[in-house]
Structures are given as structure tokens and as C-alpha cells.
Amino acid sequence: MALVSVAQLDRAFPCGGKDWRFEPSRRHKMLLNFNSSIETLAKVGPIFSKRLCGLGIETIKDLLWYFPQRYEDFSQITPIKQAKLNEKACFCGTISQFTTKKTFKRGLFLTEALLQDKTACLRVVWFNQPYLAQTLKEKDLVCLAGKVAMDKGGIFLQSPSYEKVFEEENLTHTGRIIPIYPETKGISSRYLRYLVKQALKAALPSIQETLPENILKQQALLPLSKALTEIHFPSSFATLEMAKERFGFEEIFLIQLAVLKQKLKVQKQKAPSVPFKVELVKDLVAKLPFKLTDAQRKCSFQILKDLERKRPMSRLLEGDVGSGKTVVAVIAMLSCCKAGFQAALMAPTEILAQQHFNEVSKLLQPFKIKIALLTGKKDKIISQKIGYQTREGFKPETMEISRIKLLEKTKLGEINVLIGTHSLIQEKVKFNTSEKNGLALVVIDEQHRFGIKQRQKLVTGKSNKLLPHFLSMTATPIPRTLALTLYGNLDLSLLDEMPKGRKRITTEIVAPKERQRVYAFIKKEIKQGNQVFVICPRIELPEENEGNLSAKKSSWAEVKAVEEEYDKLSKVFFKSFKVEMLHGKMKPKEKEKIMLDFKRGKFDILVSTSVVEVGVDIPGATAMLIESAERFGLAQLHQFRGRIGRNKKEAFCFLFTESNSQKTKQRLKAILKAKNGFELAEYDLQIRGPGGLTSVKQWGLPDLAMLALKNLKLVEKTREQAKETLTNSPNLVQYPILREAVARFEKIAHLE
Ligand code: ADP
Ligand code: MG
């Protein structure tokens, strides 16, 4: 442990006698383990126990994993003579001449004393700690750590941390690198240090190492007990870094194990093999109304190759809005259908399902494919639309059949492609169960939470033991480190190229004084028959309110922001135009109606929170205004922006910001230059960290793991190590402790 060295002490203060640093404490005879209640520690009564509980600390383990937020370096003992104004330092000497008085103006207690070492004397002042004069006694040998300040009476040490120096005790609050814990009412860092120190002493002897010996060696990581000691009471900043690395590595490594284990499990299953018929693909491609981009060809090839195998594909197709993911899915689905199988396409909302149905029907028009759209909820029998390829050609006028009929046809295999929302994974939807004609492919748009269980559910036929191939499509750019961890069970296909002829959206960062000019411009756009999005800012509540409560509050605050903006725009600035609003608190039906009306051009301006449906095509929208743009991630801004410019007209995006910070402006400027969303996502990750991403939040990772997710090298190391570990012991039978730790993530991993 980091301590004041004897040499330092001797230099600062003549202490003499034996070396007290290495004397073990005799106070903690009892043996605690990680699961012991926090109340087994000294000075934890009911009141503090409750307060600690509020911090999520109930057991010794919780306490030991409550890591410091930052550290102060008081490891050097400064001779008083060398005290410098405005510098933080640690002094060691005898304390005397206590006086405590009450100040006139504010009624604060002021405790003064004098600290003396071999070299000089220093005045010490504490505010509002009247009990100090009882804690510290005249002539006590103490270490004081704090800032040197100045007043009328000259320099003095301002409210320092204090600590008596005992022969047999290591220093805790001074004379070392001291941990500072996240501030909370009623729980001071000083108190936590006191508890952590007890807990370390009592629990470390019985500590169970989570990482196998060989991995610790191979990766040169600190053992758990050492890492825990160092993270709380570092002996140097170098060892502190090593402790951080150990915890970061461990956390990411566990995720890797969970995710890779799942991947292996899927790979062991059998899937229907869909032959790669080159002629068929060529035929489809020739009949498309456009030429495929190279990226689309590459991704389609990867997918068709996967489908050919007898192992289930698990693939993520990632590409900016408008990069043409649908057609790639269509190529895969056609291949399945022509080989006699079924395919399913799932969209997050009904409006998107409808959009997919239209697009897929159009692209597959020349082929004899039966495509159906399943919408609606629960048992209600509602009319279902079905698109048929008939002898007379494609009939866009779809036929309506009842839900029961549609389910029947799906089960019989008479429907080739079934498109829908979440309703597709309802119990009642059954695909054909024969091995030759069953469901071969599930495509999911804009949502990756789809585990093996759900996949299996789609094919719970008796005879059919085959797992369908799985393709997830997303416009959310995923940084590489996340792709390798949280999405590590999926193979990746990137559409990193936009179809030719797409115009760049003219993007401008707008200062407050330019607002009127932009509004005037918008009016001109609308008069030319164009439509406009206005995105209201994301509301961030103070951190202390984190959790469900604040999520609720912040979404209500967002509603309020939308309503205010709507009022302003519809009653003042754009009085003569038609304005509508959209927010997350509206019913799904209401939202859909508004999106549809907007799509059909029934109004000019849509004021919305960030809930604007992903991927909904509003061909008439040419401009977007984003309020307080600095509150969004760059990748998210980029995604918003992708919702305009879906036609031949020029499109404009205005990023309003009231921030004067150079850093913020610099960050926003990146969006003017970036070539694609991937670049922006990497940039976001480095600057804002992964904490804000919903896909990351779900995992509930500690800060050190978040930090580790920024570090590609470390992530790659964990992945290699996880692969090796699972090769040696596929079910981690050899590593029971590890296995238990991994279980924590397995639930989450299965969702993916
Ligand atoms: P997203 O990746 O956002 O889902 P879509 O698949 O909806 O994109 O495609 C966006 C639009 O681009 C569609 O109208 C589609 O027909 C068109 N498109 C797709 N690929 C190409 C291409 N290679 N060239 C031109 N247009 C294309
Ligand atoms: Mg799409």
C-alpha cells in the first residue's frame, strides 16, 4: 500500500522509533466475506446502513466495488517551510493551540490550530468542524492534507483532511494518494475510506479470484485482491492504472464470454441450407429499377454465402439511412422463397411494416412470390392485406383476407414472405413446419433484441428442428469496439456506400441571431410545396435523478418542450402554415396517423421529439431544424438528417445551438465533414463515451467497463482471450467462478 516513506517522514518530521508502516492491524479479528452485510463493519448503524443502501451498498462486496470517482495525490510529505500559496500539499507535524470561535456574519464555527514540523510552523483553519478540537489533541502527531491559502494573517492551510499518525496504522486520509468517492449527502469520502479499509482487511484473506490464473499471467493483470486494494488505496498512479485495467478487462471479458458462448450455441444448431442460385440473383438484379452499389453486392454475397450453410446465420446489416438495406434483404428473401422456404420480415412499427410491404412487393413483382402483411393486435379479426403475383402480373390492389385465414395460409406454407410488426412473434403465428418448406430466414429492421429463444419460437413445429437464419438491419452506426463486444454474437455486413446520385444534405450550424434568416428560408421552402421537420431538444435531467423516475420525468419534459415549440411556431412564426406535433407520450395509433398525414402532405411542419419514426419515408420533406443540437450525439443527428432529402430536390439541415463553447462547436462541425455515420459514431464514442447509447445502457456496466469500451486494443485482447478460454472449456466447466460471473450477462446476451 502507498504510504509515506520513512525517509519522507524523517525529512519532514523526526519520528524515530520502529517502522510502523508494516505492522498489521490487530483490530479486525473477525473474518468477513463478500456477502456479509455492511452492518458487520464498525460504525455502521441503522442510519448509515440505510444511507449506504441508498447508494446500492448492502454487502461488503457492494462496498468494495463502489469505486472512487477520483484521487488526490497527497503522497509526498512537504516540509512546512516549502508550503506554497494555492498549492495542495500534505504536511506532517505536531498540532497545538486549538481555538474555536463563531464567526460574526454567517455564524460558522472557525477552528484554528498550529502545525509544527522540524522546518517551520503553519496556521491551520477549519470551517464548521467544532468537534475537531476534541478529536485532535494538543501535541498530537498528525498528517494534514489540503490547500494553502492566504488571508490577512498570512498563509494558512485551509480545511485540510486530517489524520492522527499512529505507530501501528497505515495512513488512510493523508500522506498517500487518497480516494475521493462520489459525493452524496450524509456519506463522506472520509467515512467511506474508513469502511473500505476495514472491509479490505477483513474480506481480502478469503477473496475468490474470478479470473483464471493463466489469464492473469497471460494478460499481466493484477490479481483481484491486489486490484481492489489498489483501486481504493493506490500505492502509485501506475498501479492504479493497472487496477483500472484489470477491472475494465474483466468486465469486457465476461461480456465476450457471454456473447461468444451464445454464438457457439447458435452455431451448433442446424439451419435450412438455401442454395445460392446465381442465375436467380442475376435475374432479380437485372429487373431492379436501379444498379446495385458495390457495397450492396458485397453484403448480399456475404449473406447468400451464409444462407447456403447448414449453420444458422446471425448477421447484422449496418448502413446509413437510405443506403439501400431493403433490397439486400429482398435478395436474401427471394433466394429462400425460390428454394421453397418461407421468410419473415419484422419492422418496429405498423407504418414501417406497411412501407416494407409496398417496397418488397414492388421489387419482387416479376417473381411468383406470395407476400403478406400481418398487422393488428391480439385476437381481433381484422382484414389483412395480401399481395399476390398473378398470371396477369403484379396486382398492387391487394386482396384482403381475415387474420385467421392468413395464419392458416402461413402455416400451410402458402405465404412465402410474411411481413409484420412484433405480431409476427406471437404464439399464434406458426410457419410451415416441414424441413423443406419451413421458415428459413428472419429479417428484423431497426431492432436487434432477438434471441435464440425467439427464433426458436417461430419454428416450434414438432418435426422441424431447424433454426432459421437471422438478419438484423440497422441504420445506427455501431463503433467497432461495440460491434466486437455487445454485438459480438453477430457477424457484420457494412453498407458503407450510398447509391449514386444522392445529394449531400446541406448542413449548417446556426447561431441564435441567425434564427430569423433561417425561418424566412423555411417559409420559402414551404411555399414551394416542401415540408419541414423541427426536432426539439433532448432533455437531460441532473444526474442524481438517474433511473426510471428521471426517464419518466425527462420524457414528460420533452413533451412540454414539443408543446411549447409547437405553440410558438403555429401561433407566431408560421401562423399561416399548417403545423402538427408528435411525441412519445402519444398513443401508437395517434403517432401513426400523424406520420401518415405528414407523408401524404396534409401539413407543412412537424414538430417532434427524437421519436420521429426511424426509416419512415417522407418524400416531401426537404428541410430539418434541430433545436439545441449540441444535446444529441453526432451519429444521432446524422440519423435525423437522413430523414430528409429522399427526393430529387435539394435538402437542408439546420443545427441550432446556443452554446458558446468552442469544444461544442468543434464537435458539431465534425458533422459537416464526416463522410458517413460510422465516422461520427467513433467520434461520439471517444468524446461522449458509450454511456449514452441505449444499446449500452441495457448492460448496466460500471464506469471502468465504459472506459474500456473506448479502447479497441483492450477489447480485441478480451475477445481473443474469450475465444481461447471457450475453446479450452466450451461451457466453462473448468472455471466455475467465471461461469457464475458470466451468467449475469447471459440473460442480456440472449436478448440480442
Ligand atoms: P434503408 O437502408 O434506409 O432501409 P432503403 O432500402 O429504404 O434504405 O432504400 C432507400 C431508397 O433507395 C429506396 O427508395 C430504394 O429503392 C433506393 N435504392 C436502394 N438501392 C439503390 C441503388 N443501388 N441505387 C439507387 N437507389 C437505390
Ligand atoms: Mg430501412
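**A walk through the model, starting at the ligand**

A polar side-chain atom of Thr326 sits 2.6 Å from an oxygen atom of ligand 1. This is a predicted model, and the ligand is a good place to enter it. Taken alone, ligand 1 exposes 560 Å², and the protein buries 79% of that area.

Backbone atoms also approach the ligand. A polar backbone atom of Gly324 is 3.1 Å from an oxygen atom of ligand 1. At Ser323, a backbone N or O atom lies 3.5 Å from a ligand oxygen. Step back to the whole shell. There are 15 residues around ligand 1, and Lys291, Gly322, Lys325, Thr326 and Arg502 come nearest. By class, the shell holds four nonpolar, six polar and five charged residues.

Next, look at strand β8, which covers residues 314–319. Is β8 enclosed or open? All six of its six residues are buried, so the strand is largely enclosed by the rest of the structure. The burial holds on both faces. Ser314, Leu316 and Glu318 point one way, Arg315, Leu317 and Gly319 point the other way, and all are buried. Note that Glu318 and Arg315 are among these buried residues.

The partners of β8 can be named. Strand β15, residues 469–474, pairs with β8 in the parallel sense over five bridges. Within that pairing, Leu316 has Ser472 of β15 as its bridge partner. Strand β16 also runs parallel to β8, and five bridges join the two. Here Gly319 stands opposite Leu495 of β16.

Now follow the chain to the loop that leads into β16. Asn489 is found there, between α15 (480–484) and β16 (491–495). Is Asn489 buried or exposed? Its relative accessible area is 7%, so Asn489 counts as buried. The cut-off for burial is under 20%. The Asn489 side chain has a polar partner: a contact of 2.9 Å joins it to the side chain of Gln262.

Ala372 is another buried residue, this time within a strand. It lies in β10, residues 371–374. Its relative accessibility is 0%, so it counts as buried. Thr410 is 38 residues away along the chain, yet the C-alpha atoms of Ala372 and Thr410 are separated by 8.9 Å.

Turn to the barrel. Five strands close into it in the order β2-β3-β4-β6-β5, with mixed pairing. Neighbouring strands of this sheet are turned by 50 degrees against each other on average, direction ignored. One pairing to trace is β2 with β5. Strand β2 spans residues 88–102, strand β5 spans residues 140–151, and the two pair in the antiparallel sense over eight bridges. Use Cys90 to find the register: it stands opposite Ala145 in β5.

A second sheet is built on another plan. Six strands form an open sheet in the order β17-β22-β21-β18-β20-β19, and the pairing is parallel. Why do β17 (506–510) and β19 (579–582) each have one side without a neighbour in the sheet? They stand at the edges, each with a single partner strand, so one side of each is left without a neighbour. The twist averages 20 degrees from one strand to the next. At the β19 edge, the partner is β20, residues 605–608, and the two strands pair in the parallel sense over four bridges. Met581 stands opposite Val607 of β20 in this pairing.

Finally, check two backbone angles. Most residues other than glycine have a negative phi. Lys43 has a positive phi, near 70 degrees, and is not a glycine. Leu732 is not a glycine either, and its phi is positive at about 60 degrees.

Both residues lie in loops. Lys43 is in the loop between α1 (6–12) and α2 (46–54). Leu732 is in the loop between α24 (712–728) and α25 (736–751). What is the relative accessibility of Lys43? It is 61%, so Lys43 counts as exposed. Leu732, by contrast, is buried, with a relative accessible area of 0%.

How values were computed. Residues are numbered from 1 along each chain as its sequence is written. Chains are lettered from A and ligands numbered from 1 in the order in which they are written. This is a predicted model: local features need pLDDT of at least 70, side-chain atom pairs count only at pLDDT 80 or more; totals for chains, interfaces and linings use all residues. Side-chain values use heavy atoms; hydrogens and water are left out. A residue is near a molecule or strand if one of its heavy atoms lies within 4 Å of it. A polar contact is a pair of N or O atoms within 3.5 Å; within protein, one must be able to donate a hydrogen and the other to accept it, and residues adjacent in sequence count only if both atoms are side-chain atoms. Accessible areas come from the Shrake-Rupley method with a 1.4 Å probe; for residues, only the protein chains shown count as cover. Ala, Val, Leu, Ile, Met, Phe, Trp, Tyr, Cys and Pro count as nonpolar, Asp, Glu, Lys and Arg as charged, and the others, Gly among them, as polar. Two strands pair if DSSP finds at least two bridges between them. Axes are lines fitted to C-alpha atoms, for helices over the stretch in contact, and angles run from 0 to 180 degrees between N-to-C directions. Buried means under 20% relative accessible area, exposed over 50%, partly exposed in between (1.4 Å probe, protein chains only).
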